[in-house]
Every structure is written in structure tokens, then in C-alpha cells.
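The following exercises concern a single protein chain. Please work through each task before reading its solution.

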Amino acid sequence: MMNATILRKLWLRCMLALLPLMPGTALAFDSYRYLHVTIDTIWYIFVFLLLILLVPFILMAILYWWTLRQRKLEREQSEAEP
């Protein structure tokens, strides 16, 4: 038989999963108090998108450099061994 605390936790998780479907929270999400648009908003979006675009390229460059370095070390070790 299941423990009462497990059932309580399961019930709580089910209720929290259904919470966004409640009309009170839906009205709060549609409210304009969460959607303030200022002159800085465009810059925030620009910086956010710039980071999303540049981070993968920076990561690729770092991984490319690291891979070349590892290959060079392996090549040197294989040449040093008789």
C-alpha cells in the first residue's frame, strides 16, 4: 500500500500541474502590468538574441581549438614513442 506522504506529494504535483489552466492565473498572465514596454526593451531583446546567436559560435571555436590541441599532443606523443 502507498504511503500517505507519497499520495500527498502526488496530489500536490497534480494540482500544481493544473494551476496554469485556472482562469484566475490566465487573467494575470494577460494583464498589462507584466508587459511594460520601454525604450530599453528593444535593446534587451537585441542583447538577448545576440547572446543566443554568438554563444554557440564561441563554443564551437573553443571546442575546435581544444580538439586541435589534443590532436597535436597525441601526434607528438606518438612521434616520441619508438
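Rings of Phe, Tyr and Trp (its six-membered ring) count as a pair if their centres lie within 6.5 Å; planes under 30 degrees apart are stacked, over 60 edge-to-face, and the rest tilted. The model is predicted: local features need pLDDT of at least 70, side-chain atom pairs count only at pLDDT 80 or more, and totals for chains, interfaces and linings use all residues. Residues are numbered from 1 along each chain as its sequence is written, and side-chain values use heavy atoms, with hydrogens and water left out.

**Exercise 1.** Determine how many aromatic pairs the structure holds, and classify the geometry.

*Solution.* The structure holds one aromatic pair. Its members are Trp43 and Phe46, with 5.8 Å centre to centre and 90° between the planes, hence edge-to-face. Both residues belong to helix α3 (residues 40-80), where they are three residues apart and thus separated by about one helical turn. Helices are DSSP runs of H or I with at least four residues, and strands are runs of E with at least two, numbered from the N terminus.

**Exercise 2.** Establish whether Trp43, Phe46 and Val47 are buried or exposed.

*Solution.* Buried means under 20% relative accessible area, exposed over 50%, and partly exposed in between (1.4 Å probe, protein chains only). Trp43, at 55%, is exposed. Phe46 is partly exposed at 45%, as is Val47 at 42%. For the chain, 0% of the 82 residues count as buried.

**Exercise 3.** Compare the expected span of α3 with the model, and locate its kink.

*Solution.* The expected span is 1.5 Å times one less than the number of residues. For the 41 residues of α3 this gives 60 Å, and the end C-alpha atoms are 59 Å apart, which agrees. A kink of about 25° lies at Leu54, shortly before Pro56; the bend is the angle between axes fitted to the seven residues ending there and the seven starting there.
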